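This report concerns a ligand site and a strand arrangement in a protein model. The sequence and the structure are shown first.

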Amino acid sequence: MAGKVYIIGAGPGDPELITVKGKRLIGEADLILYTDSLVSDEVVADVKPGAVVEKSAGLALEEIVQRMVEVTKAGGTVARVHTGDPAVYGAIMEQIVHLNEAGVEWEIVPGVSSVFAAAAVLGAELTIPELTQTLILTRAEGRTPVPDGEKLADLAKHGATIALFLSATLMEKVVSELRAAGWSDDTPVAVVQRATWPDQVVVRSTVGEVAADMKRHGIRSHAMVLAGKALDEKLQWSHEHKSKLYDKTFAHRYRRAVKQDGTAVANSGGDR
Ligand code: SAH
């Protein structure tokens, strides 16, 4: 019987932020390979007797694949554990190609991305009615090039909330691109380093101050940068931006709208 590789999102750090399914599969796996310093040892603590737990940081892609192929060909299962959600900057496709070539079955189990963990830590909603209904997940351009059409200065012109992965050492560049897109210096920016870890650091700042603020806090890695009007802390105390969800005069699938005279309006049947 052939085994299987499960590519599992471990969540942002807090070992309770893995899915029930991910935790079960780690507990059942014969080989557990986990990525880097951003996956807590606690996430891979509950394994079955005899299971092998290995850090993949020091291994080359070929070595990682070789181990996964060996175990699955012998009928075992592998838990390949990635930080956050594997679909964003997880470098999983290059592993999948090798698994496909070797005829190994695989499945992805999603996880809580650091972008959502950081939003939770900040108490933020990233899509605020009438301010922005869009979230852009991207990175600053460093040694890894960003394709044409995806430069931060272009993306920022939309005025949407921007989540920056892998960008902590490139903040001067980030700021100049946001300014080039017309963002004012007082636009809110929030940074969460090591979100949901015991040593998490939160910095509330602005486009004008964020580069200096991060330098002051010594933040150069493991940081999620969230920028845009939705990050304004004052929104937590303002009734100004309401969705239509609880609006009495707005019908959606689960509720009939009510006219001024109290009679029901036909339901549109769609999402809100
Ligand atoms: N797949 C991961 C991202 C991997 S790329 C996810 O979904 O979160 C690594 C980058 O993710 C880091 O440079 C940082 O920008 C971000 N990141 C990952 N874990 C983080 C955490 N706990 N707190 C803040 N940022 C984190």
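The text below treats the surroundings of the ligand and then one sheet of the predicted model.

**Ligand site**

The ligand is surrounded by 18 residues, of which Val88, Ser113, Ser114, Ala195 and Ala223 come nearest. By residue type, this shell divides into 11 nonpolar, five polar and two charged residues. Both domain 1 (4-109) and domain 2 (114-237) contribute to the shell, with at least three residues from each.

Polar backbone atoms of three residues lie at the following distances from nitrogen or oxygen atoms of the ligand.

| Residue (backbone N or O atom) | Ligand atom | Distance |
|---|---|---|
| Thr83 | nitrogen | 2.9 Å |
| Leu166 | oxygen | 3.0 Å |
| Met224 | nitrogen | 3.4 Å |

Taken alone, the ligand exposes 540 Å², and the protein buries 94% of that area.

**Sheet**

An open sheet is formed by five strands in the order 6-7-10-8-9, with mixed pairing. Strand 6 (135-139) and strand 9 (201-206) each have a single partner strand and stand at the edges, so one side of each is left without a neighbour in the sheet. From one strand to the next, the twist averages 20°.

Within this order, strand 10 stands between strands 7 and 8. Strand 8 (residues 188-193) and strand 10 (residues 223-227) run antiparallel and are joined by five bridges. Ala190 has Leu226 of strand 10 as its bridge partner. The residue range of strand 10, 223-227, includes Ala223, which is among the residues that come nearest to the ligand.

How values were computed:
Residues numbered from 1 in each chain as written. Predicted model: local features only at pLDDT ≥ 70, side-chain atom pairs only at ≥ 80, totals over all residues. Heavy atoms only, no water. Near = heavy atom within 4 Å. Polar contact = N/O pair within 3.5 Å; in protein donor to acceptor, adjacent residues only side chain to side chain. Areas by Shrake-Rupley, 256 points an atom, 1.4 Å probe, with all protein chains shown as cover. Nonpolar A, V, L, I, M, F, W, Y, C, P; charged D, E, K, R; others polar. Domains from an automatic or database assignment. Pairing = 2+ DSSP bridges. Helix = DSSP H or I, 4+ residues; strand = E, 2+ residues; numbered from the N terminus. Axes fitted to C-alpha atoms, helices over the stretch in contact; angles between N-to-C directions.
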